[in-house]
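User: I would like to go through some labels used for this model and see what each one rests on. Please set the values against the definitions.

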Amino acid sequence: DLLEGRAAWIPALALVGEGEERSVLVWGYGVLDQDGLCGWITGDAARGLELACGYPGSELLELEQGTVRLRSVTLDCIPVLEGEVVTELRLDLRLTGQVEELLGDTSKLQMQVEERTLRYLRAAVEQAQQENRDFLGLNMLAGLSAPEVCDQIRVQWPERFAELEIDIQCK
């Protein structure tokens with residue numbers, strides 16, 4: 001990725017606690033480009049990066065209607081072209097999870113899980129586009145889902161990515 005002018009990421013760790021209670025925590029992610037460390041991904045955007053990479057995480061989603069542990073995450077990235085120009089990306093997020101505690105209605109809990117995970121993914125996409133650094137690997141995912149236009153996507157990506165309309169849905 002770095003050799004083709006794209007960005008990559010590495011875990012950013014922090015030491016927390018004192019004495020024997022001291023432990024290492026993943027604080028976020030460092031963003032790398034060809035020149036080295038160029039930024040940080042933290043908070044909701046860091047969680048969105050994990051989801052985009054198919055990592056459900058170990059944390060529980062504690063919501064008003066209950067608590068859910070994500071078990072699997074899949075992200076499909078479908079490019080939309082007008083002629084030979086990429087005009088939009090459609091991101092379809094698929095989740096499976098296990099309800100750890102139900103405090104209300106299951107359909108409302110499902111809506112809350114979708115809202116939370118979409119918030120995370122949107123934060124990551126917005127940061128990537130604001131910085132014009134595709135640390136999510138959307139270029140690669142779009143090319144994999146549409147191999148017949150992979151070369152066109154790769155060539156257009158550096159100029160189009162920051163302004164590209166990206167529609168994110170949970171399926």
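User: What makes arginine 154 and aspartate 151 a salt bridge, and where do they lie?

Analyst: Both lie in helix α4 (residues 150-160), 3 residues apart, about one turn of the helix. Helices here are DSSP runs of H or I with at least four residues, strands are runs of E with at least two, and both are numbered from the N terminus. A salt bridge needs a side-chain nitrogen of Lys or Arg within 4 Å of a carboxyl oxygen of Asp or Glu. The closest N and O atoms of arginine 154 and aspartate 151 are 3.0 Å apart, so the pair counts. This is a predicted model: local features need pLDDT of at least 70, side-chain atom pairs count only at pLDDT 80 or more, and totals for chains, interfaces and linings use all residues. Residues are numbered from 1 along each chain as its sequence is written, and side-chain values use heavy atoms, leaving out hydrogens and water.

User: Why is arginine 154 called partly exposed?

Analyst: Buried means under 20% relative accessible area and exposed over 50%, with partly exposed in between (1.4 Å probe, protein chains only). Arginine 154 has 40%, and is therefore partly exposed.

User: What makes aspartate 76 and arginine 94 a salt bridge?

Analyst: Their N to O distance is 3.5 Å, so the rule is met. The pair links distant parts of the chain, with aspartate 76 in strand β5 (residues 66-82) and arginine 94 in strand β6 (residues 85-102), 18 residues apart.

User: How many salt bridges does this rule give?

Analyst: The count is 8.
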